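Please look over the chain below before reading on. The briefing goes helix by helix and then turns to the strands.

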Amino acid sequence: MDVPVVVSRRAGAFLGRQVCDGLRQQILAGRLQAGARLPSTRELARALGVARTTVGAAYDQLTAEGYIEARPGSGTFVSAALPARPVPARSGSRPPRQADFPMSRYAGRLAAAGGEAAPPQPGLARSLAAADPFPYAIWHRALRRQLRRGRTGGAPTADATAGHPELRAAIAAYLGRRRAVTCDPDRIVVVGGSQQALDLCARVLVDAGSAVAVEDPGYADARRVFAAAGARVCPVPVDAEGLVVADIPADVRVAHVTPSHQYPTGAVLSLARRLELLAWAREVRGVVIEDDYDSEFRYDAAPLPSLQGLLAPSRVVYVGTFSTAMFAGLRLGYLVPPDELVEPILRAKWYASRHTPDLEQAALAAFIQEGHFERHLRRARRLYRRRRDALVAALDRVFGRAAVVSGQGAGLHLVVRFADPRVARAAEAEADWMSPTRPCYAGRAVPREFIVRFSRIDERAIDAAVRRMATRLSRSPGRAPAGAGFP
């Protein structure tokens, strides 16, 4: 009989897998119909030029999957239990499209919001912590210690949804001491990073069609989370004092802000604006989501106290993350909601993810309690300040008044506006450390404005990187005079 499959020794798959896959495809396509007799293992092995054991292993696998059956004394046959006719293939050769599947309105809103699964669009993701200042040896010891204690994570329970008790206690103590956040461990909800925190806020606080205020420019992924939830996103302008509270539309009840280090401009929400925002929340019975994504790194002054702890009772959901402070792969963050919102957020988290991995939580609790976290922050702050200073000095030395720097007082990035209109082309090759602020704007963006991420660039490489960009500009026709400022 004709051999129904073809194998190739040049293919990446094992020969036995090729035989198995080939026979399976023939059966599913209907070319080997129910009840059809298959060659013996000896016959098929000889025809394909493979070992008999290779064919035998393929037959055993297909028998286990129910495609074929061995009949003692008669041979091997395609299973009689399979349909007499194959499952009909799609008409034509066109591959399936999204429209061919039942899609929810949420999925449609995700597409409309421009959400990316991976990789993120340039300028969309916030800056990442550098790997070099983190004490990985200490972290590894903390993980091993928890493993020896059996902290591998058991079955999720309702009590585990809020997070590991020791970690919640450590977070509450740290936030009260360093960020003036008013909370106790029972109000801490541990999550898988600040993005999950924002998603939970959207689930609990936003209905389709409800209005949410966001900063403009602002964190694009926050804007998109609320848009995907069906909210009518209302961009509110930002100036040197932060969010312009007076411009929040009348029907808004939820506002997302980055008051300690506005993303991306670096503006700090002034005390007058903070009090105005809290008064707004009380007046409209609304909620402020305080996204405190990188407050640990402030270089020229003491860290600002949180918005959440300014007045009581609070109408603020405080959001923090360890991914920025420690290392990007650590997907751990937390929320501190008002008492009235703890239970709804816990319910939403239970249905979304049950609980956050226990091993990392237990190790992080010990890491904080033993003082390693704050020692790491001090070392990292010194390193990032040196890199910030080196970047500002290089920009001034190379571009002079043709580059205006802002937002350098805190965080892991600063913003630069260039005078030369050709700088965008020169910056394309530097996408690993700088990107246009355009995705952060809901409306018209500021031209030639860039987020420059300095946290992961060695000081010795910063000057060379800035000069490399200037060299590209100098090779372009019509170069602007060196050091020329804005018109």
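**Briefing: helix packing and strand pairing**

The buried residues of α10 pack against five elements: β4 (189–191), α7 (194–205), β9 (287–291), β10 (316–321) and β11 (333–336). The model is predicted. Its chain has 14 helices and 15 strands. Of the 487 residues in the chain, 47% are buried. Among contacts with a separation of 6 or more, 72% join residues 24 or more positions apart.

**Helix α10**

- Helix α10 covers residues 339–353.
- Its 15 residues should span 21 Å at 1.5 Å a residue, and the end C-alpha atoms are 22 Å apart, so the two values agree.
- The buried residues of α10 are L341, V342, I345, L346, A348 and K349.
- These buried residues pack against one helix, α7, and against the strands β4, β9, β10 and β11.
- R354 follows α10 and has a positive phi, near 65°.

**C201 in helix α7**

- Helix α7 contains C201.
- C201 has 1% relative accessibility and therefore counts as buried, the cut-off being under 20%.
- Setting aside neighbours within four places in sequence, C201 contacts V206, I289, V317 and L335.
- Of these partners, I289 falls within β9 (287–291), V317 within β10 (316–321) and L335 within β11 (333–336).
- C201 and V287 are separated by 86 residues in sequence, while their C-alpha atoms are 10.0 Å apart in space.

**Helices α6 and α12**

- The axes of α6 (residues 165–178) and α12 (residues 372–399) come within 12 Å and cross at roughly 45°.
- That angle makes α6 oblique to α12, because it falls in neither the parallel, the perpendicular nor the antiparallel range.
- On the α6 side, the contact uses Y174, R177 and R178.
- On the α12 side, F373, E374 and L377 meet them.
- By class, this contact has three nonpolar, no polar and three charged residues.
- The 28 residues of α12 should span 40 Å at 1.5 Å a residue, and the end C-alpha atoms are 40 Å apart, which agrees.
- G400 comes just after α12 and takes a positive phi of about 60°.

**The sheet of β1, β3 and β2**

- Three strands form an open sheet in the order β1-β3-β2, with antiparallel pairing.
- Its edge strands are β1 (37–38) and β2 (68–71), and each pairs on one side only.
- Four bridges join β2 to β3 (residues 75–78) in the antiparallel sense.
- F77 in β3 is the bridge partner of E69.

**Strands β12, β13 and β15**

- Strands of a sheet pair through backbone hydrogen bonds, either parallel or antiparallel.
- Strand β12 (residues 403–406) pairs with β13 over four bridges, in the antiparallel sense.
- V405 stands opposite V416 in β13.
- The hairpin of β12 and β13 has six residues between the strands, and G407 takes a positive phi there, near 70°.
- Strand β13 (residues 413–418) is mostly covered, with five of its six residues buried.
- β13 also pairs with β15 (residues 449–453), in the antiparallel sense over five bridges.
- In that pairing, R417 stands opposite E449 in β15.

Note on methods:
Residues are numbered from 1 along each chain as its sequence is written. This is a predicted model: local features need pLDDT of at least 70, side-chain atom pairs count only at pLDDT 80 or more; totals for chains, interfaces and linings use all residues. Side-chain values use heavy atoms; hydrogens and water are left out. Helices (H or I, at least four residues) and strands (E, at least two) are DSSP runs, numbered from the N terminus. The expected span of a helix is 1.5 Å times one less than its number of residues. Buried means under 20% relative accessible area, exposed over 50%, partly exposed in between (1.4 Å probe, protein chains only). Contact means heavy atoms within 4.5 Å. Two strands pair if DSSP finds at least two bridges between them. Axes are lines fitted to C-alpha atoms, for helices over the stretch in contact, and angles run from 0 to 180 degrees between N-to-C directions. Angles under 35 degrees count as roughly parallel, over 145 as roughly antiparallel, 65 to 115 as roughly perpendicular and the rest as oblique. Ala, Val, Leu, Ile, Met, Phe, Trp, Tyr, Cys and Pro count as nonpolar, Asp, Glu, Lys and Arg as charged, and the others, Gly among them, as polar.
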